[in-house]
Amino acid sequence: MRKESPGLGDRLKLKVKQALGMEVVLCDSCQWNWRNACNLPERHRAIWCPDYKKKGT
Ligand code: SF4
């Protein structure tokens, strides 16, 4: 089943990354970041995504 929103653990990780000034947009490192692979409206600016898959994994 597809997660529709980040869980507590994901939200905490996001807060820590933001507090540390780390890159939080996922799409730049996502395997699906090209037009035919991802039709989600969040593409290019997703900070949390249930379909995220790191490039090269
Ligand atoms: S699957 Fe999610 S993280 Fe990957 S490109 Fe699409 S919106 Fe961005």
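**View 1. The whole protein chain, with few buried residues.** Of the 57 residues in the protein chain, 2% count as buried; here a residue is buried if 20 or more other C-beta atoms lie within 10 Å of its own, exposed if 12 or fewer, and partly exposed in between, with C-beta atoms placed from the backbone. Please keep in mind that this is a predicted model, in which local features need pLDDT of at least 70 and side-chain atom pairs count only at pLDDT 80 or more, while totals for chains, interfaces and linings use all residues. Residues are numbered from 1 along each chain as its sequence is written. Along the principal axes, the C-alpha atoms of the protein chain fill a box of roughly 35 × 25 × 25 Å. Among contacts with a separation of 6 or more, 30% join residues 24 or more positions apart (a contact means C-beta atoms, placed from the backbone, within 7 Å).

**View 2. Helix α1 and the glycine after it.** The protein chain has one helix and zero strands; helices (H or I, at least four residues) and strands (E, at least two) are DSSP runs, numbered from the N terminus. The end C-alpha atoms of α1 are 16 Å apart, in agreement with the 16 Å that its twelve residues should span at 1.5 Å a residue (the expected span is 1.5 Å times one less than the number of residues). The helix is hardly covered, with zero buried residues among its twelve. After α1 comes G21, with a positive phi near 75 degrees.

**View 3. The shell around the ligand.** Here you can find 13 residues surrounding the ligand, the closest being C27, C30, C38, C49 and D51 (a residue is near if its C-beta atom, placed from the backbone, lies within 6 Å). The shell divides into nine nonpolar residues, one polar and three charged; Ala, Val, Leu, Ile, Met, Phe, Trp, Tyr, Cys and Pro count as nonpolar, Asp, Glu, Lys and Arg as charged, and the others, Gly among them, as polar.

**View 4. R2 and D51.** R2 sits in the segment before α1 (8-19). Its C-alpha atom is 8.3 Å from that of D51, although 49 residues separate R2 and D51 along the chain. R2 is exposed because 5 other C-beta atoms lie within 10 Å.

**View 5. E23 and H44, in the segment after α1.** E23 belongs to this segment, as does H44. E23 is exposed, with 10 other C-beta atoms within 10 Å, and its C-alpha atom lies 9.2 Å from that of I47, 24 residues away in sequence. H44 is also exposed, with 11 other C-beta atoms within 10 Å. Although H44 is not a glycine, its phi is positive, at about 90 degrees.

Terms used
Two residues are in contact if their C-beta atoms, placed from the backbone, lie within 7 Å.
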